[in-house]
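Colleague: I have a model open on my screen and would love some company while I read it. Could you take a close look at one part with me, and then show me what else is worth finding in the chain?

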Amino acid sequence: MMNKLFLVLVALFMSFSVCAEEYLYMDNTELSESQLGGQVTLPVKAHFDYYVSAFQVDFEFPDGLTPVGVAEGSDLDISYFNKNGVASNYHSKLYYTNGVYTRFICANQDAGYWQVDGAWTMYGAVKWNPGNYDEMFNLTFNVSSNFEGGQIMVITQPSSGQDTRGPICPRDQHNYHSATITVGGPGPGPGPDPVIENYFSMNNTSIFSGDTFVVPVMMNNTETITAFQTDIVLPEGFEVAKVNGEYSIAWSDRVNTDHVIMANEVSPGVVRLICYSPTLQPFAGNNGVLFNITLQSSADVDGDYTLVLDNTLWTTTSQQELVIDDATCQITANSYILGDANKSGTITVTDVVTTARYILNYNPTPFVFEAADVNGDGNITVTDVVMISRLVMGANLNAPRFMPGFAFSSDRMGGNDINIAAGETRTVAIQLDNVDQYAAFQLELSLPEGLTASNFAMTSRAGNHAIDAVSIGDGKMRVLCYSPVVTAIEGNSGALFTFDVTASGAVAGEIVADRIEMVSMGGSTVSLDVFGMMVNNNNTTRVNDVKAATRIYSEGRNIIVECPIDMTVVVTDIAGRSQQINVQAGRNVIPGRDTGVHVVNAGGVTAKLMLR
C-alpha cells in the first residue's frame with residue numbers, strides 16, 4: 001500500500017513539473033503563382049496554456065522569402081484590471097532590431113490584477129490569459145519570382161513569472177514550430193513539428209573579467225532519460241564556483257527529487273558530473289534547462305573562451321546507454337567594466353560626462369566605446385548616458401542589453417514658426433507634450449543657411465538637467481540633455497528648452513528637428529516624430545506678422561508671452577475664469593493665479609499650458 005501511495009505521489013509530482021505549452025506559430029500557407037515576385041503579409045499567432053507576460057521569438061526563413069516589414073496586431077492589446085481595480089486596456093509594445101526581422105521581443109511592464117477562481121490572487125506585469133491568439137503581429141515578405149516553397153521555423157522563448165497557479169515554463173525554455181509555405185497546388189495538411197534530437201546545448205554568453213555568472217545547460221531528448229554523466233571541461237582562467245565546499249550546480253524542476261547528484265574534479269580543469277535515480281525516475285519533459293553551472297572567471301581573462309561538455313552519456317529508463325555529442329559554447333570575456341567609459345576602474349559621474357561629451361563630438365580621451373555602450377545596441381546615445389547615471393547611483397538597469405530598436409510614442413515635441421530680419425536675434429522655445437516620464441533626450445537640428453543657434457537653456461521643467469549643443473557639420477547641431485542624478489522632466493506640457501537664433505542676412509527655410517530620442521526613467525529609448533519650424537525674413541514688423549512671431553509657453557507657474565508689439569493677452573484657467581492682461585513688445589512674464597491647465601490667447605495665437 002505504501003509503495004502504491006509513493007508511486008501516486010511521484011506521478012503527481014511529475015505531472016506538475018511538466019512545462020505548459022506557450023508558443024508563437026504561423027499557419028501553413030499556399031501562395032499562388034501570381035504572388036511570385038510580389039509581397040505577401042502573414043499573421044503570427046500564439047497559443048498559451050499558461051499566463052504569459054513576455055515572449056521572444058526567432059524566425060528562420062527559406063530562401064526566396066525575405067521579411068521587409070512588421071505591423072503590430074490586435075492581440076497585443078490586453079484587457080486587465082489596473083492597480084486601482086478598474087478595468088483597463090494595455091497595448092504591449094513590440095520590439096525588433098531595425099533592418100533584421102528575425103528576432104522579436106514583446107515584454108509587458110504595466111501592473112495589473114487577475115481574477116482566478118473567483119478571487120484576486122496576483123499582482124504584477126500584465127499578462128496574456130491562456131488561450132489562442134490570431135494576430136500577435138503581421139510579417140510582410142518579398143517573394144522572389146523563383147520561390148519554390150519551404151519552411152518557416154518559429155522558435156519561441158516565453159516568460160511567465162513566478163506565482164502559485166500552475167506549471168511555470170523555465171525562462172530558457174524554447175518551443176519549436178514550423179510552417180510550410182508552398183506554391184500552387186493543394187497546400188499540405190498540418191505536419192509534425194521538427195524532431196528534437198538527443199543533445200545538451202549551451203548558449204554563448206558575454207561577461208566581464210572577474211565575473212561570477214551562470215551557464216544554463218539545456219537537455220533536448222526524444223528518449224525518456226533517467227541518468228547522465230558528463231565532463232565539464234573548463235577553459236583556462238575559469239572554475240566552477242563552490243558554495244560551502246560544494247560545486248554550485250543548480251537543478252531545474254525537470255530533475256526529480258529522487259535523483260542523486262555528484263560532482264568532483266577528475267583532472268585539472270575538468271569536473272565530472274553524475275546524476276542518476278536509484279528508482280529509475282525520468283527527467284521531466286523533452287526540452288528545456290536541466291541544470292545551471294555557476295562559473296567564476298579570473299580578473300585577467302580577456303577574449304573568447306570555449307566551455308565544453310565532454311564524454312557525455314545518457315541512460316534511458318530501459319537502461320540503454322546513449323553516447324551524446326559534445327556541447328560547446330563561447331564565453332566572451334571583456335576586460336572593461338560596463339559603464340566605466342573613461343576606464344578609471346570605477347563608475348562615477350565623470351563617466352556620465354565623458355559619454356555625453358563623446359555624443360557631442362568632443363572626442364574625450366580615454367574613452368572605451370564598449371564600456372559606454374551600456375545597452376549593447378552598438379551605438380552611443382543619451383540612453384547610455386542615463387543608464388550610466390543609474391549605475392553611479394547604485395540602481396539596477398531595467399533596460400536589457402542588446403535592446404532591439406526603439407519604442408514609438410504619441411508624445412510630441414514642437415515649436416512655432418519664426419519671423420526674423422537680417423541681423424536680428426530671436427529666442428525659440430521648444431515645447432514637449434508628454435504622457436510618459438522622461439529623464440533625458442537628444443535630437444539633431446538642421447538650420448537653414450544664414451541662421452545660427454546659440455544659448456541653449458532648459459526651462460524650469462528640467463531645472464536639474466544639463467543641456468549642450470554642438471555643430472556636427474552641414475548646418476546641423478546635435479543637442480543633448482540629461483540629468484546626472486536621473487531626474488524626471490516635470491509636467492506634461494509647455495516649453496522644455498529655449499535657444500537663440502541669429503540671422504546673418506535674409507533667411508528663408510525651415511528648422512528641422514529629427515532623430516529625437518527620449519529616454520525613460522528606466523533607461524529605455526522612445527523615438528518621437530520629426531517636426532519643423534518655418535523661418536521667414538521680415539525687415540519690418542507689421543500687424544499681420546503678429547501671429548507668426550508671438551510665442552507662448554510656460555516656466556513652472558509662470559506664463560511667458562514673447563510678442564513683437566504691445567497687445568492684450570487673455571488667460572483662462574481650468575475653472576473658466578478669464579483675465580485680460582496688457583503686455584508690451586518683448587518677453588513678458590505673467591504669474592499664474594493657480595496651478596493646472598490654462599488656455600492663453602495672444603495676438604491670434606492660442607496655447608494650452610500646464611502650470612505647476
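What follows is my request about one helix and a single connected reply.

Colleague: Please start with helix α4, residues 382-392: how many of the 11 residues are buried, and which elements do the buried residues pack against?

Modeller: Happy to, and please keep in mind throughout that this is a predicted model. A little background will help you find your way. The chain has 47 strands and five helices, and 49% of its 612 residues are buried. If you take the contacts between residues at least 6 apart in sequence, 71% of them join residues at least 24 apart.

Now to your helix. In α4, nine of the 11 residues are buried, so the helix is largely enclosed by the rest of the structure. To pick them out on your screen, select V382, T383, D384, V385, V386, M387, I388, S389 and R390. Their surroundings include both helices and strands: the buried residues of α4 pack against α2 (349-359) and α3 (369-372), and also against β33 (438-446), β36 (476-482), β38 (509-520) and β39 (525-528). After the helix comes G394, which has a positive phi, near 85°.

One of those packing partners, α2, deserves a stop of its own. Helix α2 contains T354, a buried residue with a relative accessible area of 10%; the cut-off for buried is under 20%. Leaving out residues up to four places away in sequence, T354 touches A341, N342, P364, P366 and F367.

From packing we can turn to the empty spaces. Searching the whole structure gives two cavities of 30 Å³ or more. The largest has a volume of about 60 Å³, and its lining is made up of I559, V571, D573, R577, Q579, I581, I590, P591, G592, R593 and H598. Two elements, β44 (578-583) and β45 (586-591), each give two or more residues to that lining. By type, the lining of the largest cavity has five nonpolar, three polar and three charged residues.

The second largest cavity holds about 40 Å³ of space. Around it you will find N416, V428, A429, Q431, R551, I552 and Y553, and the elements that give two or more residues to this lining are β32 (425-433) and β41 (551-555). Here the division is four nonpolar, two polar and one charged.

Strand β44, which we met at the largest cavity, also takes us to a sheet. Four strands make up this open sheet, in the order β44-β43-β46-β47, and their pairing is antiparallel. The edges are held by β44 and β47 (605-611), each with a single partner strand, so one side of each has no neighbour in the sheet. From one strand to the next, the twist averages 25°.

For a last close view, follow β47 to its partner. Strand β46 (residues 596-602) pairs with β47 in the antiparallel sense over seven bridges. If you would like one pair to display, choose V600, whose bridge partner in β47 is A607. The lining of the largest cavity includes H598, and residue 598 falls within the 596-602 span of β46, which gives you a handy place to move between the cavity and the sheet on your screen.

Note on methods: Residues are numbered from 1 along each chain as its sequence is written. This is a predicted model: local features need pLDDT of at least 70, side-chain atom pairs count only at pLDDT 80 or more; totals for chains, interfaces and linings use all residues. Side-chain values use heavy atoms; hydrogens and water are left out. Buried means under 20% relative accessible area, exposed over 50%, partly exposed in between (1.4 Å probe, protein chains only). Contact means heavy atoms within 4.5 Å. On a 1 Å grid over the protein atoms alone, a cavity is a set of points where a 1.4 Å probe fits but cannot get out, and a pocket is an open set with protein on both sides within 12 Å along at least five of seven lines; lining residues have an atom within 4 Å of a point. Grid points are joined across faces, edges and corners, and a volume is the space filled by probe spheres set on the points. Ala, Val, Leu, Ile, Met, Phe, Trp, Tyr, Cys and Pro count as nonpolar, Asp, Glu, Lys and Arg as charged, and the others, Gly among them, as polar. Two strands pair if DSSP finds at least two bridges between them. Axes are lines fitted to C-alpha atoms, for helices over the stretch in contact, and angles run from 0 to 180 degrees between N-to-C directions.
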